[in-house]
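Here are my notes on this one, written as I went through it. Have the viewer open while you read.

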Amino acid sequence: MPDAPGLELIAQEINAAEEGTVLETAYEQDRARLIVDSEKVLPALRWLRDTPSQRYRFLSSLHAADYLPGEPRFAVHYELLNRDRVERISVKALLADGGDALPELDSCVEIFPTADFHEREAYDFFGIVFRGHPDMRRILMPEDYVGWPQRRDFPVGGEPVIFTRDEPDSPGWYE
Amino acid sequence: VSDRKPPETLPRDPRIEDPAMASLPKGPPAQELEPEQELMTINMGPHHPATHGVLRLVVTLQGENVLDVVPIVGYVHTGIEKSCEQHPYWKVIPFVERMDYLSYFFQMEAFCGNIERQVGLEIPDRAKYLRVMHMELNRLHSHLVWLGTSALDLGAISMFWYCFRERDKVLDLFEMSTGQRMHTRYFQVGGVIEDIPIGFERNLRKFIDQMPSRIDQYEALLDSNEIFLRRTKNVGIVPRERLLELGVTGPLLRAAGEPWDLRKATPYLAYPELEFSIPVGTVGDGYDRYRVRMQEMRESVRIIEQCLDGLPEGPFRADDRKYSLPPRDELSVSMEALIHHFKLVTEGFRVPPGELYYAIEGPRGELGCFIVADGSAKPVRVHYRDPSFVNLQAMCVGGYVADMVQNLAMLDPILGGIDR
């Protein structure tokens, strides 16, 4: 893990390369985290991957999270790893809820091919669109599924199970 | 008397050339592709015995050659991650261990270890050793199922019986120490739920004394088997750089010559105190993957033996009553213990706001757990980075259809983990 001053240096250097990329840094439980603007996440990831002193070349994982009622509502986490120094750093891209429009950010498949399935999963469950992804389809839910099931406002048991005894209450439910 | 007549014209044998046709002028060679060059898309699965679960593959073939494989997953998606958000932390453990049904101890460790790091809870040494012991037994179990089913795919049916015989002994041990054969819910935040019973050590020692010779037997069966060797050697090679780009970890990466193992790289639990080595392959074909896993089983036996020898005395769960249950015998004498017990069981403990990714080395690679906590007793988000899910992207393209089955077997995907 980069230590806390090291994390600040990384943040400064990324911001020197492109102003306003890193919004904040967090250092908790010995884990370094960069909180970045979702519009500039790709340059930040590329910088972390290619800069000779950093070389976080392995994307361990990518997860989306919904922080409802927090603002901004969504975040995409990238868990980067430098395998030579065994250092992890996580990059958190904040995404606002766009109402009816789905939140969007750039896909990182071209710099980290492993993100392919991860991004499809994030799209599938949270409705986060990754621009430039080669195959932005649902992956685990059925293709004709409507809704984003792992958002916090999606109820558990979102699909009502209707029995024939409920027929009088909801006529024509099978249509 | 039958009134059946012989057919007036007998069906023509196409191999006999019609002399009437021979005199006709031959046209130019047909412009259409030969049947061997035509592309054909076929569907394999989801209910195919060689897909090791409910996996569907859309395969593009040219003759017998595989040009493209598109995996389609999600048939056993059960929404476990969503369900986890509805339950207190301690009730989430049985959910997460049902994702990848062959590595339940690892999922539990990923989850409990993550919470322990978020709340800053140090677990006692005995619990660390007990966890490692059970995780390595679990690795043996997982590799045995892999070996049996993969050899079955390649036609070696007796391997299946032999491997499942040993697997059953592992499950018997689990039953003895935890009460359950699978999905044991043995780990809990702060340690393990119970100490190992009297007689467990004897049974486990008997098992680990026997196991190396069993592995010798498996190797004797497979390593001199011409069919097995021809079907695995130099088949299914994905270059090491490509594997790294695709995020592949575990035995697949090690078989390609990369000595990357989180047990060594990021020491957790009792692994820094134990002596073991990381088997590494050279080219990364199916045979290397097989060899690496076989050697890993031997290393697991070594680790278990060291755990038994060095098992420290002392408590098996942390003494922090805010997170781990008080001992049963205190409930009848201590009001405080009773209150703690009541609070922990009804409400569960709270985890301060934070988010953490914690990864361990599962039988198939990096198994990571990401938990977002908001200060309440329920997690906001639980996400598993399942190694099978990521490794599936490295399905090798090329080779024959039969090689694809071999490839998939050596990949060792567990669909429960992929679909979660």
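1. I'll start with a spot in the backbone: Arg185(B) sits in the loop between H6 and strand E4 (187-188) of chain B. Although it isn't a glycine, Arg185(B) has a positive phi of about 50°. It counts as buried because its relative accessibility is 17%, under the 20% cut-off. Bear in mind throughout that this is a predicted model.

2. There is another such residue further along chain B. Asp412(B), also not a glycine, has a positive phi of about 60°. You'll find Asp412(B) in the loop between helix H15 (401-411) and helix H16 (415-419) of chain B. With a relative accessibility of 3%, Asp412(B) counts as buried. As background, most residues other than glycine have a negative phi, and most peptide bonds are trans.

3. On that second topic, look at chain A. The peptide bond from Leu68(A) to Pro69(A) is cis, with omega near 5°. Another cis bond joins Glu71(A) and Pro72(A), with omega about -10°. Pro69(A) is in the loop between strand E3 (58-66) and E4 of chain A, and Pro72(A) lies in the loop between E3 and E4 as well. I'd look at these two bonds together when you go through the loop.

4. Now the interface. Chain A and chain B bury about 3,500 Å² between them, and 56% of that is on carbon and sulfur atoms. Which three residues supply the most of the area that chain A buries against chain B? They are Arg83(A), Phe117(A) and Leu140(A), which together supply 19% of it. In residue counts, the contact takes 38 from chain A and 42 from chain B.

5. Charge plays into the contact too: six salt bridges are found across the interface of chain A and chain B. One to click on is Arg83(A) with Glu258(B), where the closest N and O atoms are 2.9 Å apart. The pair crosses between chains, running from the loop between strand E4 (74-82) and strand E5 (87-95) of chain A to the loop between helix H10 (251-255) and helix H11 (262-265) of chain B. Are the two partners buried or exposed? Arg83(A) counts as buried at 19% relative accessibility, and Glu258(B) is buried at 14%. Arg83(A) sits just where the cut-off matters, since buried means under 20%.

6. Over all chains, the structure holds 56 salt bridges. Within chain B, the side chains of Arg181(B) and Glu175(B) meet in one of them, at 3.0 Å from N to O. Arg181(B) is partly exposed, with a relative accessible area of 27%, and Glu175(B) counts as partly exposed at 38%.

7. Glu219(B) and Arg291(B) make another salt bridge, at 3.6 Å from N to O. This pair links distant parts of the chain, 72 residues apart: Glu219(B) is in helix H7 (residues 200-223) and Arg291(B) in helix H12 (residues 286-309) of chain B. Glu219(B) is buried, with a relative accessible area of 11%, whereas Arg291(B) is partly exposed at 29%. There is also a network: salt bridges that share partners join Glu136(B), Arg139(B), Arg254(B), Asp261(B), Arg263(B), Glu296(B) and Glu361(B).

8. Arg131(B) deserves a click of its own. It lies in helix H5 (residues 125-153) of chain B and is buried, with a relative accessible area of 0%. Leaving aside neighbours within four places in sequence, the residues in contact with Arg131(B) include Glu109(B), Glu116(B), Phe187(B), Gln188(B) and Leu269(B).

9. For the nonpolar side, the largest core has 84 residues, and Leu34(A), Tyr78(A) and Cys108(A) touch the most other members. A second, separate core has 83 residues, among them Ala151(B), Ala156(B), Leu269(B) and Ile303(B). Leu269(B) is thus a name to keep from the previous point, as one of the contacts of Arg131(B).

10. Last, the surface. Leu152(B), Ile157(B) and Trp161(B) form a nonpolar patch there, with about 320 Å² of accessible area together. Of these, Ile157(B) lies in helix H6 (residues 157-178) of chain B. Ile157(B) is partly exposed, with a relative accessible area of 48%.

Note on methods
Residues are numbered from 1 along each chain as its sequence is written. Chains are lettered from A and ligands numbered from 1 in the order in which they are written. This is a predicted model: local features need pLDDT of at least 70, side-chain atom pairs count only at pLDDT 80 or more; totals for chains, interfaces and linings use all residues. Side-chain values use heavy atoms; hydrogens and water are left out. Patches are made of residues with over 30% relative accessible area and no salt bridge: like charges are joined within 9 Å, nonpolar side chains (Val, Leu, Ile, Met, Phe, Trp, Tyr) within 5 Å. Accessible areas come from the Shrake-Rupley method with a 1.4 Å probe; for residues, only the protein chains shown count as cover. A salt bridge is a side-chain nitrogen of Lys or Arg within 4 Å of a carboxyl oxygen of Asp or Glu. Helices (H or I, at least four residues) and strands (E, at least two) are DSSP runs, numbered from the N terminus. Buried means under 20% relative accessible area, exposed over 50%, partly exposed in between (1.4 Å probe, protein chains only). A nonpolar core is a set of buried Ala, Val, Leu, Ile, Met, Phe, Trp, Tyr and Cys residues joined through side-chain atoms within 4.5 Å. Contact means heavy atoms within 4.5 Å. Buried area is the accessible area (1.4 Å probe) that two parts lose on being put together, summed over both.
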